[in-house]
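Please look over the sequence and the model below. The text after them goes through the fold step by step.

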Amino acid sequence: MFPDLFNCKETTPGTFSIKKVRQQHKGAVVDDDMGGEECDMSAEEVIDAVKGMVPARGVEIATLESWLPMDVKSAVEAHFTSVADLAKSQQRHFAVDANGLVTLR
């Protein structure tokens, strides 16, 4: 679905290494190594990173959360508790319908 977000490499015949690639989200560089360093993202950078992942047609909250790089997820949890809370509390940026579909305003 998002091939530009992943790098696939065959390490041995039949064995593949799949990693998320480094992303640039509206000024906030996000590196999703599973080793997990602390994220130094501000709340505004987190909002911009999440906005960059919402397609024009919208996306369900659970799906959006699964798309986010680990350090953005950590920053969301640090600033807003969850992706759902972020989207619902930032009504100038996001609209959330009764079914949990997030769209940009």
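The paragraphs below go from the overall make-up to the sheet, then to the core and the surface.

This is a predicted model. The protein holds four helices and seven strands. Read from the N terminus, the order of elements is β-β-β-β-α-β-α-α-α-β-β. Among contacts between residues at least 6 apart in sequence, 45% link residues at least 24 apart.

An open sheet is built from three strands, in the order E5-E7-E6, with antiparallel pairing. Strand E5 (59-60) and strand E6 (94-96) are the edge strands, and each has a single partner strand, so one side of each lacks a neighbour in the sheet. In general, strands of a sheet pair through backbone hydrogen bonds, in a parallel or an antiparallel manner. Three bridges join E6 to strand E7 (residues 101-104) in the antiparallel sense. Across this pairing, Phe-94 lies opposite Leu-104 in E7.

Phe-94 also belongs to the largest nonpolar core, where it is listed among the residues with the most contacts inside that core. The others so listed are Val-46, Val-50, Leu-64, Leu-68, Val-76 and Leu-86, and the core has 21 residues in total. Which elements give two or more residues to this core? They are helix H1 (43-51), helix H2 (61-67), helix H3 (70-80) and helix H4 (83-89).

Turning to burial and surface, 34% of the 105 residues of the protein count as buried. The exposed area of the protein is about 6700 Å², and carbon and sulfur atoms supply 50% of that area.

How values were computed:
Residues numbered from 1 in each chain as written. Predicted model: local features only at pLDDT ≥ 70, side-chain atom pairs only at ≥ 80, totals over all residues. Heavy atoms only, no water. Pairing = 2+ DSSP bridges. Core = buried A, V, L, I, M, F, W, Y, C linked by side-chain atoms within 4.5 Å. Buried < 20%, exposed > 50% of the residue type's maximum accessible area, 1.4 Å probe, protein only. Contact = heavy atoms within 4.5 Å. Areas by Shrake-Rupley, 256 points an atom, 1.4 Å probe, with all protein chains shown as cover.
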